[in-house]
Structure formats: C-alpha cells, structure tokens
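Trainee: Could you take me through one part of this model closely? I would like the sheet and the core that goes with it.

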Amino acid sequence: MKNKVRVIFGDETGKVKGFFYENEAIKEGNTVVIFRAEASVVKEHIEIQLPKGGRVEESKNKKINEVDESVDISAKAWVESA
C-alpha cells in the first residue's frame, strides 16, 4: 500500500496544500498536471486531494518558474455555512 504525503502546489497565481499518495511525479521542483482532483475543506482550510480515478503526471510541456508566495489558498479559514 502506498503512503500518503502532504505537499504544497504552486504556480504564478498562488499556492495550495495537497494530500496525495506518493507518486514519482511529485518531487520538489517538478511541474505536474493533476487530473480529477478535488478541493476539500479540512479543518476549515482548503486542501487538494486526489480521489479514486484521479492521477498526477509530470508535465512535459510547461515549467513553472515562479510561485506567487503571497497568495496561499490554504492559509485562510473557510467556514462552510449550514
């Protein structure tokens, strides 16, 4: 069984935390493409997760050169109203 890892994904629009199964493509500095991911609120913070049927692949066409560290989607508390 694969281990799950906590990661931070980022690009020129900002960054967000993620919780994924280990994958060869998920390495610091790699640019990845994420298919069928879901954004979930976990302990009031947004986190990207990969449900069954989703996948992560290393990007062959695009390289992220700069991450906007000032926009952190996961830092804000998102409270869902009933």
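Mentor: Here is the sheet, then the core, then one core residue. The model is predicted: local features need pLDDT of at least 70, side-chain atom pairs count only at pLDDT 80 or more, and totals for chains, interfaces and linings use all residues. Residues are numbered from 1 along each chain as its sequence is written, and side-chain values use heavy atoms, with hydrogens and water left out.

The protein chain has 6 strands and 0 helices. Strands (E, at least two residues) and helices (H or I, at least four) are DSSP runs, numbered from the N terminus. An open sheet takes 4 strands in the order β1-β2-β5-β4, with mixed pairing. Two strands pair if DSSP finds at least two bridges between them. β1 (4-11) and β4 (38-42) are the edge strands, each pairing on one side only. From one strand to the next, the twist averages 40°; axes are lines fitted to C-alpha atoms, and angles run from 0 to 180 degrees between N-to-C directions.

Now look inside the sheet. β2 (residues 14-21) and β5 (residues 45-49) run parallel, joined by 3 bridges. G18 has I48 in β5 as its bridge partner.

I48 also belongs to the largest nonpolar core, 10 residues including V7, F20, I46 and L50. Such a core is a set of buried Ala, Val, Leu, Ile, Met, Phe, Trp, Tyr and Cys residues joined through side-chain atoms within 4.5 Å. Buried means under 20% relative accessible area (1.4 Å probe, protein chains only).

Finally, take L50. Leaving aside neighbours within four places in sequence, L50 contacts F19, F20, I34, F35, R36, A37, R55 and V56. Contact means heavy atoms within 4.5 Å.

Definitions and conventions. Buried means under 20% relative accessible area, exposed over 50%, partly exposed in between (1.4 Å probe, protein chains only).
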